[in-house]
Amino acid sequence: MTQVIQLVGKWIGIISGAGSCVCWTIAMWKPLPVFPLTGVAFIVALLMALFAILAVIAAVHGHGIMLIVLFFLSFLPIGLYLLGDPDWIQLIGILNFGYLIAGGLIWAVSYAEESLRAPDV
């Protein structure tokens, strides 16, 4: 059962990371962007796309803590702001919650397996 939960967590992380990366790429390179990305805003969007790729890599390798860290790095500054946007760009904020859910599932299962394997002293 724990392997199934961990697999579900990995797939949630992979889907949310890939979806977030696609959304950031569309937001950066769309001819008529939702909000203008010039200068520092473009660099931040590129960094958020990089975080999304890192989330996919962390999900594939089963690093729950890394997914939780990436959630806080990407959601608190930008994702929370984008949740209030009425356009399609709010999907990025919603997909960031996938990092938290996936990280929580992967971390909880790996922590439970580790505590079961630990010998009582």
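Hi everyone. Let me start with a term: a residue is called buried when its relative accessible area is under 20%, exposed when that area is over 50%, and partly exposed in between. Take F97, whose relative accessible area is 34%, so this residue is partly exposed. Please keep in mind that what you see is a predicted model.

Now, who are the neighbours of F97? F97 forms an aromatic pair with F75, with 4.8 Å from centre to centre and 50° between the planes, and this pair is tilted. It links distant parts of the chain, since F75 sits in helix α3 and F97 in helix α4, 22 residues apart. F75 itself is buried, at 6% relative accessibility.

F75 has another partner, F71. Their ring centres lie 5.1 Å apart and the planes meet at 15°, so this pair is stacked. The two residues are four apart in helix α3, which means about one helical turn separates them. F71 is buried as well, with a relative accessible area of 5%. Together, ring pairs join F71, F72, F75 and F97 into a cluster. In total, the structure has five aromatic pairs.

Let's move to the surface. There is a nonpolar patch of about 960 Å², and its members include L47, I65, V69, W107 and Y111. Helices α2 (40–61), α3 (64–83) and α4 (90–117) each give two or more residues to the patch. Which element gives the largest share? That is α2, with five residues. V69, one of the patch members, belongs to helix α3, and its 38% relative accessibility makes it partly exposed.

Thanks for listening!

Methods. Residues numbered from 1 in each chain as written. Predicted model: local features only at pLDDT ≥ 70, side-chain atom pairs only at ≥ 80, totals over all residues. Heavy atoms only, no water. Patch = residues over 30% accessible without salt bridge, like charges linked within 9 Å, V, L, I, M, F, W, Y side chains within 5 Å. Areas by Shrake-Rupley, 256 points an atom, 1.4 Å probe, with all protein chains shown as cover. Salt bridge = Lys/Arg side-chain N within 4 Å of Asp/Glu carboxyl O. Buried < 20%, exposed > 50% of the residue type's maximum accessible area, 1.4 Å probe, protein only. Phe/Tyr/Trp six-rings, centres within 6.5 Å; stacked < 30°, edge-to-face > 60°.
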